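Hi everyone, thanks for making the time today. I'd like to walk you through one chain, starting from a single pair of side chains and working outwards. Please have a look at the structure while I talk.

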Amino acid sequence: MVAAPGENMRVNGDRLWDSLMDMAKIGPGIAGGNNRQTLTDSDAEGRSLFRTWCEDAGMTLGIDKMGTMFATRPGTDPDALPVYIGSHLDTQPTGGKYDGVLGVLAGLEVVRTMNDLGIKTRHPVVVTNWTNEEGARFAPAMLASGVFAGVHTLEYAYGRKDPEGKTFGDELKRIGWVGEEEVGARKMHAYFEYHIEQGPILEVENKQIGVVTHCQGLWWLEFTLTGREAHTGSTPMNMRVNAGLAMSRIVEMVQTVAMENQPGAVGGVGQVFFTPNSRNVLPGKVVFTVDIRSPDQAKLDGMRARIEAEAPAICEALGVGCAIEAIGHFAPVTFDPTLVSRVRGAAERLGYSHMNLISGAGHDACWTAKVAPTTMVMCPCVGGLSHNEAEEISREWATAGADVLFHAVVETAEIVA
């Protein structure tokens, strides 16, 4: 039986919080959050700070060809596969200070605490910063972990373009973070990811820890609607080919589809590009992304099929062209029962209130689960607000989750007496 660390072993919550605040100084937003989008100069600066902290903690850094960072604390058994802790340092354009960043820096705090307590483990422990988890600049989300898991090819990833037409491969090279490691060559004994919930359930239920058992699946469907640019004032209503109107009707249809699949389904549109995007010109082209999610694969695929069937009919009635491309997908995930039990056991030993949780958002853990035993730990966030500069957590919440992460990781890495 694998031994668990003693109940008195806790992380340094103040140190973790200070690290979060120091990282938040890089790529500041305009309303108290962060804009540290992937492969920007701010991303490069954040990576450099993380590298310095890892080296100060005695870890060695490896970087793969997707720019993902792997900081390793060695174990006592050279043949033992590492236990990985990971998340991401990139943010949304108007992102908060904790989404992703908490998981990476809590991983660093796990290692720092192991150093403080003189803990040796049989398995190495690796803290990971995955590249382009957000997908805000380069779709799809979780791109580097997707290549790692064999879901995407390296060539596909390098060819992804941002809204300005810059490619992922060129921008990775520009900021100087192309590594030499083959992506996916590393093997994992286990993978843990710590994250804010990005939803309101833990706060409403007054629980400190989310024991994540599943992650719901997702489809991102990118629509390109083609109408005819025309003056908004002088074009008669019955002579318009209005791509914006078609979009609005599709958005309403997506809402209806999601509501008719309750419970356990969501759908909506978060990104829209109008061309030419002028006040008095009807759009000639509209590009937008429909995001649908469910923990039920059949329900998820049924929603996609219905949306893809009804949208062209809506457009045809308005004389608008309609093209649909699936630009992001992952199936619902069931996390490893043994690791889930260790997270739950750690919360119980430490006296933290907890509950089972299904993650509503996608995470790199969704892809690592394809190649290694994986689970997640979650802490509450105020009002369930995320992907917003007003995103907020408490120091106590951050520390509680990091304590649970520490115990579950050290137990899995196997303490050496």
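Let's begin with arginine 47 and aspartate 43, whose side chains meet in a salt bridge, at 3.4 Å from N to O. Please keep in mind that this is a predicted model. Why might these two be able to face each other? They sit four residues apart in helix α2, so about one helical turn separates arginine 47 from aspartate 43. As a reminder, an α-helix has 3.6 residues a turn, so residues three or four places apart point the same way. And are the two partners buried or exposed? Both arginine 47 and aspartate 43 are buried.

Now for the helix that carries them. Helix α2 covers residues 41-56, which is 16 residues. From its first C-alpha to its last it reaches 23 Å, close to the 22 Å expected at 1.5 Å a residue. Besides our pair, the buried residues of α2 are Ala44, Gly46, Phe50, Trp53 and Cys54. What do the buried residues of α2 pack against? Two helices, α1 (13-24) and α3 (101-117), and two strands, β2 (69-73) and β5 (125-129). Just after α2 comes glycine 58, with a positive phi of about 85°.

Staying with α2, let's look at aspartate 41, which forms a salt bridge with arginine 174. Here the closest N and O atoms are 2.9 Å apart. This pair links distant parts of the chain: aspartate 41 belongs to helix α2 and arginine 174 to helix α6 (residues 168-174), with their positions 133 residues apart. At 53% relative accessibility, aspartate 41 counts as exposed, while arginine 174, at 43%, counts as partly exposed. Both residues also belong to a network: salt bridges that share partners join Asp41, Arg137, Asp162, Glu171 and Arg174.

For those of you who like to count, the salt bridges come to 21. Another one of them is between aspartate 116 and arginine 15, where the closest N and O atoms are 2.7 Å apart. Again the pair links distant parts of the chain, with aspartate 116 in helix α3 and arginine 15 in helix α1, 101 residues apart. Aspartate 116 counts as exposed, at 51% relative accessibility, and arginine 15 is partly exposed, at 22%.

Let's move along the chain to helix α10, residues 337-350. Its 14 residues reach 20 Å from the first C-alpha to the last, close to the 20 Å expected at 1.5 Å a residue. Which residue caps the N-terminal end of α10? That is aspartate 336, with a side-chain oxygen lying 3.2 Å from the backbone nitrogen of threonine 338. At the other end, α10 is followed by glycine 351, whose phi is positive, near 80°. Within the helix, the buried residues include Leu339, Val340, Arg342, Val343 and Leu350. What covers the buried residues of α10 includes the strands β6 (190-196), β7 (209-215), β15 (354-359) and β16 (374-379), along with helix α12.

That brings us to α12 itself, residues 395-413. At 1.5 Å a residue, its 19 residues should span 27 Å, and the end C-alpha atoms are 26 Å apart, which agrees. How many of the 19 residues of α12 are buried? The count is 16, so to speak a mostly covered helix. α12 is followed by glutamate 414, and its phi is positive too, near 70°.

Next, a word on annotation. The unreviewed UniProt entry lists residues 216-311 as "domain: Peptidase M20 dimerisation". In the model, that stretch is 33% helix and 35% strand, and its end C-alpha atoms are 24 Å apart.

Finally, let's zoom out to the whole chain, with its 12 helices and 17 strands. The radius of gyration is 22 Å, close to the 22 Å that the globule rule gives for 417 residues, so the chain is as compact as a globular protein of that length. Taken along the principal axes, the C-alpha atoms fill a box of roughly 80 × 45 × 40 Å. Of the 417 residues, 54% count as buried. And among contacts with a separation of 6 or more, residues 24 or more positions apart account for 80%.

That's my tour, thanks for listening!

Definitions and conventions:
Residues numbered from 1 in each chain as written. Heavy atoms only, no water. UniProt positions renumbered as here; feature names shortened; annotations may be inferred. Expected span 1.5 Å × (residues − 1). Buried < 20%, exposed > 50% of the residue type's maximum accessible area, 1.4 Å probe, protein only. Contact = heavy atoms within 4.5 Å. Salt bridge = Lys/Arg side-chain N within 4 Å of Asp/Glu carboxyl O. Polar contact = N/O pair within 3.5 Å; in protein donor to acceptor, adjacent residues only side chain to side chain. Rg over C-alpha atoms; globule rule 2.2 N^0.38 Å.
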